[in-house]
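Let's take a walk through this model together, starting with the whole fold and then stopping at a few residues worth a look. Keep the structure open as you read.

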Amino acid sequence: MRRQMKLDGLEKFRLRTLLQAFLVFLQIALLLFSISLCIKTWTERVMISGFMIFGTAAGIVFYLWTTVVSVWSPHSPFWTPGSKPAGAISKIFTGATSPPNISDKSSAIRWIIETSTNPECVEAAAAMVPLAQWSRESDASAVYKRLRDNFMARCKEEALYVKYGRAMAHLCSQSVKIDPNFLTKFGWDCWGGRSRFIRDAFMAGSDAYRQLTQEHETVHQANVRTALRTLVVHGLDHSLSLPDSEELIWNGDLRWRHRNGDRPRCEEFDWLVDYLADKANDDHETEGDILLALSAMQGLWSSAKQPSFINSLIRCMGNDKPSRVRYAALRLVSDAREELAAITDDLMPQGVDAYLLDSLSRAIFTAVCPNHQTNHKDATFHEERDGRYISLIFSLARNGGWRQRLIRDGHLWRCIDLVDKVNERESRVPRTYPPESYLPGFYLPAIIGRINFTCEDTTLSTAQKMSLRQLIEKTWRAHIYKNDDDYVDAIPALVTATKLYFQSEVWIVKEACEALEYFQEEQATLVNNGIAQAAVNAALSSLEDFHQELQSV
């Protein structure tokens, strides 16, 4: 109590101001002394005065630099008595306001979590973590590790388990520096698991968006962005990740369930489609987060939102978008490939027309080849991206309308260029076949066989033909139809591609005979596994005809 009374007295009588004034007078006295010394030596010894003038000028420059730095960065450790008046004058002329101090609160929280031995204090600090902003330059490794240890230790106490989980997710969502060794696998087996945290973030974003549409306040938009950032860091199965990690684009799984175990309805995601279409145009970070969150639906959305959704995907795959946004949009299109392949001129969803699908086809190409430049840095072989792209084109090539778009918009030639890249990739891996090898690469011969191009403007060069022949042979030898049921539908196309580029060879006869025997023996099993009887019959028929042709040569 006496100590507090003394502190109040020091503040009341402005001791700090008096001491600062004393320092100012001392600095002024030192300046006047230096100036007088320079004048005196100038009249007596010019050489010595030069050193004195240089030292005085250096001191003045350093003082002014310290003042400017303290005005430019309020958190600078350098400060002079002139910093505060200079800052006030700067605000008058520039109209700038003081930036919010985001480090004070986070620094206090960090100190408590890192050093406190009182569990209750650590719990209180963990609850405050999501309420503070954290600088991206700050290293939060020690804080994250303490939270993670407590998270794993409190798995039997729901309230604490959720509190520590949310604190960890918020740190990751702020993109602070965290030692990768601490972002290791841990269990999500308690209290609803990972789905619970994704659902909580999703609902928080939905509530903030509803408030944004009603009140149009900046704080609600910031809350939506924070919720989306927090949601996406849960994309990996057994650990958190930073929100801009590319692994989330290709391997992230943000599906979630309600408390009763039900999957969310399409309509529950409509607010994300609306936000992407209306309010996220110039915010690439939020666009990427929304696209990742939408991957939970794995489709083209509710019929009412399909046109808006497809238009947003087209925009997000544009040349001006960063790769994170383009790739996240490409993944969504790839996830919806079966729905797209089923759209025909006679079965167009309401609001979707041929012009919109033409634009989508061009946008898909832009996603993998920005500005349609095959030498663009983003157009080089990318295993995850090109795997999704090949799978997408493989499905679309079943549709006659899409086949015309694939030829017209350059997809066919992109696939031909990828043949050589896939061969190089296959030559670098051990001679083992699926699931270890690059399955999407084996779709390329089927794509070419489905399109079955014979026009002069699509004639291949000798090198391209050799590369394609190599991949066709690898595809047959991989027995991909035994490991990937989806490939059963592609057998007729593979046969067509083989006929285009091969004559009768011993290995072809052997592989075709083995494939024919497999389908004759396993057709009932394939149908029981969900493969359409028509697809099995088509594969069997094409193999029988091919085998007869080979035998007759």
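Before we place any residue, a word on what a helix is here: helices are DSSP runs of H or I covering at least four residues, numbered from the N terminus. With that in hand, find Leu171, which sits in helix H8. Bear in mind as you look around that this is a predicted model.

Zoom out first. The protein has 26 helices and 0 strands, so on the DSSP definition of those terms we'll be finding our way by helix number. Of its 553 residues, 46% count as buried. The accessible surface comes to about 28900 Å², and carbon and sulfur atoms account for 56% of that. What about contacts between residues at least 6 apart in sequence? Among these, 72% join residues at least 24 apart.

Now back to Leu171 in helix H8. Is Leu171 buried or exposed? Its relative accessible area is 0%, so it counts as buried, the cut-off being under 20%. Look at what surrounds it: leaving out residues up to four places away in sequence, Leu171 touches Val129, Trp134, Ala140, Val143, Tyr144, Leu147 and Val176. Thr230 is worth finding too, since it is 59 residues from Leu171 in sequence, with the two C-alpha atoms 8.8 Å apart in space. Right beside Leu171 in the numbering, Cys172 is buried as well, again with a relative accessible area of 0%.

Follow the chain past the end of helix H8 and you come to Ser175, in the loop between helix H8 (158-173) and helix H9 (193-215). Check its backbone: Ser175 has a positive phi of about 60 degrees, although it is not a glycine. Ser175 is also buried, at 14% relative accessibility. His479 makes a good companion stop, as another residue other than glycine with a positive phi, this one near 50 degrees. You'll find His479 in the loop between helix H22 (462-478) and helix H23 (480-483). His479 is buried too, with a relative accessible area of 18%.

Next, the charged side chains. How many salt bridges does the count come to? The answer is 37. One of them brings us back to familiar ground: the side chains of Arg166 and Asp200 meet at 3.0 Å, N to O. Arg166 lies in helix H8 and Asp200 in helix H9, so this pair ties together parts that are 34 residues apart in sequence. Arg166 itself is partly exposed, at 40% relative accessibility.

Further along the chain, Arg398 and Glu338 form another salt bridge, at 2.4 Å from N to O. Arg398 belongs to the loop between helix H18 (383-396) and helix H19 (400-408), while Glu338 is in helix H16 (residues 337-341), so the pair ties together parts that are 60 residues apart in sequence. Neither end is buried: Arg398 is partly exposed with a relative accessible area of 34%, and Glu338 is partly exposed at 43%.

Compare that with Asp358 and Arg405, whose side chains meet in a salt bridge at 2.7 Å, N to O. Asp358 lies in helix H17 (residues 354-368) and Arg405 in helix H19, so here the linked parts are 47 residues apart in sequence. Are these two partners buried or exposed? Both Asp358 and Arg405 are buried. For Asp358 the relative accessibility is 18%, which puts it under the 20% cut-off. Not counting residues up to four places away in sequence, Asp358 touches Arg405, Arg408 and Asp409.

Salt bridges can also join up beyond a pair. Which residues should you select to see a network of them? Pick Arg136, Arg225, Arg229, Asp244, Asp283, Glu285, Asp289 and Arg324, which are linked in a network of salt bridges.

Last, the cysteines. A disulfide is a covalent bond between the sulfur atoms of two cysteines. The count of disulfides here comes to 0. Two cysteines to look at are Cys121, which is partly exposed at 35% relative accessibility, and Cys172, the buried one we passed beside Leu171.

Note on methods. Residues numbered from 1 in each chain as written. Predicted model: local features only at pLDDT ≥ 70, side-chain atom pairs only at ≥ 80, totals over all residues. Heavy atoms only, no water. Helix = DSSP H or I, 4+ residues; strand = E, 2+ residues; numbered from the N terminus. Buried < 20%, exposed > 50% of the residue type's maximum accessible area, 1.4 Å probe, protein only. Contact = heavy atoms within 4.5 Å. Areas by Shrake-Rupley, 256 points an atom, 1.4 Å probe, with all protein chains shown as cover. Salt bridge = Lys/Arg side-chain N within 4 Å of Asp/Glu carboxyl O. Disulfide = S-S within 2.5 Å.
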